[in-house]
Amino acid sequence: MATYRVLVSDPISEKGVEALAAAPGISVDVNTGLKPEELLKIIGDYHGLVVRSETKVTAELLAAATNLKAVGRAGVGVDNIDRKAATDHGVIVMNTPTGNTISTAEHAFTLMLSAARNIGPAHSAVLKGDFKAARKAYQGIELNTKRLAILGMGRIGTEFAKRAQAFNMTVVAYDPFLTQTRADELKVELAATPDEALKGADVVTLHVPLTPDTNRLINAERLALMNKGALVINCARGGLIDEEALKAAIESGHIAGAGLDVFEVEPPPNDHPLFTLNKHVVFTPHLGASTNEAQENVGIQVAEQLRDFFVTGEIRNAINMPSLDAKALAEVGPYLGLARALGKLLAKLGPAGPDSLRVSYHGALAKKDTGLVSRTVLTALLEASHQEGQVNIVNVPAVAAQLGLDLVESTINAKTEFNELLVAELRKGEARYRVAGTIIGRSPRIVEIDHLYVDCNISGRFLLVENDDRPGIVGVIGTALGAASVNIANMDLSRTADRSRALTLMEVDSEPPAALIDQLRSTPGILRVLTLDL
Ligand SMILES: NC(=O)C1=CN([C@@H]2O[C@H](COP(=O)(O)OP(=O)(O)OC[C@H]3O[C@@H](n4cnc5c(N)ncnc54)[C@H](O)[C@@H]3O)[C@@H](O)[C@H]2O)C=CC1
Ligand SMILES: O=C(O)CCC(=O)C(=O)O
């Protein structure tokens, strides 16, 4: 069994490390706190990498990670991972979306309560002996009946809303994917835009990912839409807020305070502009997910996901390719080998520079989760014209797009003579090159080549000969193979209904020599000769 080396470069729970190390064929090194240049030196030795938010998985690191197959993020946000570079290098990126939801919602809620009641500065004042002065200085606000804007109504935003409702706050939410039905279910007002949510809000809490679209989502104009004396809570990502604009709004007295767990740059510099406003802002050092429970959840989840990926090929919570759970994998798994064979076959049969690859699914197969099967056909097709390792299941859509090759998938419930049929067709202009296969019993078989029925294994060495359908050709081929000492293991004959064309597909025990191929190609009546290594 292959051994996969996994590096854990940020601290995760011990149970997570144990779960990974116990998996067959996986060895784990825990090496946290490495400097980027130190990580760069060793990353080439690893097949898997486990990170939290400290390790920056940059394009440079990925370029050096020549053996890397998967990065597991023990947490939600993947903004510390260059997703495009990972995809281009064929590296799967997985996160653990559910393990720290409650802890983060609770932490954001704690920041809201702390900001509303000045817990941070009041605490410091007590320690400094300013008890009496602090009792005067730190009069807070009640949250009861206040209007709360939630930007990002995903897992954490939804948990925050439930807690706010228990405090009798009115909740308005903006999220491009929040429907009116879901908003009604959650008993929140649905805002059509972030501005609509912020207008007249007493508190805003952010629960969106940091992306180019959400960068500086909260700026001076949006802060101005909120009520005077409003609070700003950010337990998502620092880059969501224009920190200078927040400072100005607090200094002007329009915004009363803030609770911030995250910073645009982490760790923040000692002269961070907001640090002078520590009477108004409560800070925590990115602690949202730092509870025993959350860390155990995400540590175990990431370990199990990586283990299953390396041991069984199951893909869960991938952010750069379709996921495939154990049940779906069991259903389509037998088709993956067939898909590879069809892709390789098309690479031999098809033209250079095809326009599109159409993969269609017939019968019961049409109802299964076949995204990975289509990608497998495409990968095998493109591998044939690329250097080893250049194209794989993760980066194949990007490679195909660069080549101008469209992948078109269709599910067709029409009856065929097979219960299930996988058809792959390359198109270039009006020309079509089509192959198909199915599973018979437990055995994957290629059953069609360019509309001619065959019955052929999906692996082995083959000689394909297309010829005019006339007597004697099979004899010529057999004699030539015998003379070259190439033994025929299996042979399949097929012809068109009008008997104009015939196909002979032979599984052979050794590589047919080039001279034999030339000899067959120059034989009258033989139209095409191909060797296939499936
Ligand atoms: N401080 C910490 O330790 C932690 C921070 N986080 C951060 O919290 C974020 C949210 O986490 P989850 O709720 O688990 O993610 P999620 O994926 O369940 O929810 C994110 C929501 O944001 C919405 N969204 C995307 N773009 C938006 C936009 N422009 N405006 C409004 N909504 C938008 C999405 O539709 C989605 O519903 C993560 O991306 C991560 O950055 C997560 C865990 C811990
Ligand atoms: O690993 C951590 O503690 C950070 C968690 C986080 O920010 C996330 O899950 O997005």
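# Exercises on a predicted model

β15 and β16 make a hairpin in which two residues sit between the strands, and G429 in that turn shows a positive phi of about 55°. Keep in mind that this is a predicted model. Let's work through it piece by piece.

## Exercise 1: Around the hairpin

Find which strands pair with β15, and name the bridge partner of E425 in β16.

*Solution.*
- Step 1. Start with β16 (residues 431–440): β15 pairs with this strand in the antiparallel sense, over seven bridges.
- Step 2. Now look for another partner. Strand β13 (residues 356–363) and β15 (residues 420–428) are also antiparallel, with eight bridges between them.
- Step 3. Pick out E425. Its bridge partner in β16 is R434, and R358 stands opposite E425 as well.

## Exercise 2: Divide the chain

List the domains of the chain, then give the distance between the C-alpha centres of domain 2 and domain 3.

*Solution.*
- Step 1. The division runs like this: domain 1 takes 4–99 + 293–315, domain 2 takes 101–283, domain 3 takes 322–458 and domain 4 takes 460–534. Notice that domain 1 is written as two stretches.
- Step 2. For domain 2 and domain 3, the C-alpha centres are 50 Å apart.

## Exercise 3: The parallel sheet

Work out the strand order in the five-stranded open sheet, and find the helices lying across β1 and β2.

*Solution.*
- Step 1. Read across the sheet: β2-β1-β3-β4-β5, with parallel pairing.
- Step 2. Check the edges. β2 (26–30) and β5 (92–95) sit there, each pairing on one side only.
- Step 3. Look at the turn between neighbours, ignoring direction: on average it is 20°.
- Step 4. Zoom in on one pair. β1 (residues 4–8) and β3 (residues 48–51) run parallel and are joined by three bridges; L7 has L49 as its bridge partner in β3.
- Step 5. Add the helices. α1 (residues 14–21) lies across β1 and β2, at about 150° to β2. α13 (residues 292–312) lies across β1, β2, β3, β4 and β5, and runs at about 160° to β4 (70–73).

## Exercise 4: Two ligands

Explain why ligand 1 lies between two domains, and describe the residues around each ligand.

*Solution.*
- Step 1. Begin with ligand 1. It has 32 residues around it, and the closest are G77, G154, I156, P209 and G288.
- Step 2. Ask which elements contribute: α5 (101–116) and α8 (155–166) each give two or more residues to this shell. The largest share is three residues, from α8.
- Step 3. Sort the shell around ligand 1 by class: 15 nonpolar, 12 polar and five charged.
- Step 4. Bring in the domains. Both domain 1 and domain 2 give residues to the shell around ligand 1, so this ligand lies between them.
- Step 5. Move on to ligand 2. Its surroundings are R52, S53, G75, V76, G77, N100, H286, G288, A289 and S290, which split into two nonpolar, seven polar and one charged.

## Exercise 5: Backbone oddities

Locate the cis peptide bond between E266 and P267, and find where N118 sits.

*Solution.*
- Step 1. Recall the background: most residues other than glycine have a negative phi, and most peptide bonds are trans.
- Step 2. The bond joining E266 and P267 is cis, with omega about -10°. P267 belongs to the loop between β11 (255–260) and β12 (281–283).
- Step 3. N118 isn't a glycine, yet its phi is positive, about 55°. You'll find N118 in the loop between α5 and α6 (119–128).

## Exercise 6: The antiparallel sheet

Which feature does UniProt place at residues 462–534, and why do β20 and β22 each have one side without a neighbour in the sheet?

*Solution.*
- Step 1. The UniProt record (an unreviewed entry) puts "domain: ACT" here. The span is 26% helix and 42% strand, and its end C-alpha atoms lie 8 Å apart.
- Step 2. Lay out the open sheet of four strands: β20-β21-β19-β22, paired antiparallel.
- Step 3. β20 (488–495) and β22 (526–533) are at the edges with a single partner strand each, so one side of each lacks a neighbour in the sheet.
- Step 4. From one strand to the next, the twist averages 15°.
- Step 5. Follow the pairs. β19 (residues 461–468) and β22 share seven bridges, with D533 in β22 as the bridge partner of R461. β20 and β21 (residues 501–508) are joined by seven bridges, and M491 has M506 as its bridge partner.
- Step 6. β20 and β21 form a hairpin with five residues between them, where R499 in the turn has a positive phi of about 60°.
- Step 7. Finish with α18 (residues 514–521), which lies across β19 and β22 and runs at about 155° to β22.

How values were computed
Residues numbered from 1 in each chain as written. Chains lettered and ligands numbered in written order. Predicted model: local features only at pLDDT ≥ 70, side-chain atom pairs only at ≥ 80, totals over all residues. Pairing = 2+ DSSP bridges. Axes fitted to C-alpha atoms, helices over the stretch in contact; angles between N-to-C directions. Contact = placed C-beta atoms within 7 Å. Near = placed C-beta within 6 Å. Nonpolar A, V, L, I, M, F, W, Y, C, P; charged D, E, K, R; others polar. Domains from an automatic or database assignment. UniProt positions renumbered as here; feature names shortened; annotations may be inferred.
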